[in-house]
Amino acid sequence: MAYVNAYQPPPPVKPAYGPHGPVPYDINVAIPLDFTQLESPRLKLTPFVPSIHAAKYHAAISDPVHFYRYYPFPGIEDPESYLLFMDSFVRQNTYSVLFAIIDKTSSDPDYPEWGGKLAGTIALLNHSPTNLSVEIGVLCILPEFQRTHVATHAVGILLKYCFAMPSTSQSESGLGLRRVHWYAHPDNEPSLRLAARMGLKREGTLRWAWVLPAGKVLGKTPRKNDMLAGPGRDTAIMAVSWEDWEDGASEIVTTQMARME
């Protein structure tokens, strides 16, 4: 049978806007979001808007190479490259959303309207309404807020929202998911411990899941004459299912958040 292959690589798409994104800023998300549910007594989540949050976020990171050492993404140590990458990786994916974490126990005199101080970021990634699943990722706690209540509350808020069934009740409405998963560098012990503390279970390891940018230190050496020069990276998979949630994980999250009150 005769056939042809007319494939041509698509031309690169250049955004029609700068690193701060479109104006007005469009979070472009298909995930149902109720921000009254994305809050605890000590912390709240709000969309990360580069023109509002980026300067404070980047100024708080004195050593970006160390801060992003476990991340496989290229170039995010540079503030402008970070914003362009997050725009393509998160904002342009309608089933992903990046949140700014606002710590309500502290204040920022420059932005009193925030009702707290910027403490980092967290995201819902690749939400699947077909498979009722989502990834929690891009959890970056700024140095000032590491080893505080911030990570526990940010993760707990999202887990509660993900597993709560959609409802007309303002106190319970959520996404009604069956599965929430978490990917981490296998050597990132703080990330793995946090996930385990919040009720997620280790499911396995995706070996050679990423080709890292050249120069990344925490990578695996590829074979000789490999097609790409960058080192490789495995990915640890952790997850919690609706069965886990109803069989005690919900209580674990509530207890952990209460410990950090």
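Reader: Which relative accessible areas count as buried, exposed or partly exposed here, and to which class does Asn126 belong?

Author: In this predicted model, a residue is called buried under 20% relative accessible area and exposed over 50%, with partly exposed in between. Asn126, whose place is in strand β4, has a relative accessible area of 45%. Because that value lies between the two cut-offs, the class of Asn126 is partly exposed.

Reader: How far apart in space are Asn126 and Ile31, C-alpha to C-alpha?

Author: Along the sequence, Asn126 and Ile31 are 95 residues apart. In space, taken from C-alpha to C-alpha, the separation of Asn126 and Ile31 is 9.6 Å.

Reader: How many residues of strand β3 are buried?

Author: Strand β3 covers residues 97-103 and is mostly covered. From this strand Val97, Phe99, Ile101 and Asp103 point one way, while Leu98, Ala100 and Ile102 point the other way, and all of them are buried. The number of buried residues in β3 is therefore seven of seven.

Reader: Which strands pair with β3, and in what sense?

Author: Strand β2, residues 43-47, pairs with β3 over five bridges, and Leu43 stands opposite Asp103 of β3. Strand β4, residues 117-128, is joined to β3 by seven bridges, with Ile102 standing opposite Leu118 in β4. The partners are thus β2, in the antiparallel sense, and β4, which also runs antiparallel to β3.

Reader: Which element gives the largest share of the lining of the largest cavity?

Author: The structure holds two cavities of 30 Å³ or more, and about 170 Å³ of space lies in the largest cavity. Of the 16 residues that line this largest cavity, the closest to its centre are Tyr25, Phe48, Met86, Arg91 and Leu98. The elements that give two or more residues to its lining are α3, residues 79-91, and β3. The largest share, five residues, comes from α3.

Reader: Which residues make the nonpolar surface patch of about 360 Å², and is Val211 in it buried or partly exposed?

Author: Val211 lies in strand β7, residues 201-211, and with a relative accessible area of 48% it is partly exposed. Because a residue needs over 30% relative accessible area to be part of a patch, Val211 meets that cut-off with its 48%. The nonpolar surface patch of about 360 Å² is made by Val211, Met227 and Leu228.

Key
Residues are numbered from 1 along each chain as its sequence is written. This is a predicted model: local features need pLDDT of at least 70, side-chain atom pairs count only at pLDDT 80 or more; totals for chains, interfaces and linings use all residues. Side-chain values use heavy atoms; hydrogens and water are left out. Patches are made of residues with over 30% relative accessible area and no salt bridge: like charges are joined within 9 Å, nonpolar side chains (Val, Leu, Ile, Met, Phe, Trp, Tyr) within 5 Å. Accessible areas come from the Shrake-Rupley method with a 1.4 Å probe; for residues, only the protein chains shown count as cover. A salt bridge is a side-chain nitrogen of Lys or Arg within 4 Å of a carboxyl oxygen of Asp or Glu. Helices (H or I, at least four residues) and strands (E, at least two) are DSSP runs, numbered from the N terminus. Buried means under 20% relative accessible area, exposed over 50%, partly exposed in between (1.4 Å probe, protein chains only). Two strands pair if DSSP finds at least two bridges between them. On a 1 Å grid over the protein atoms alone, a cavity is a set of points where a 1.4 Å probe fits but cannot get out, and a pocket is an open set with protein on both sides within 12 Å along at least five of seven lines; lining residues have an atom within 4 Å of a point. Grid points are joined across faces, edges and corners, and a volume is the space filled by probe spheres set on the points.
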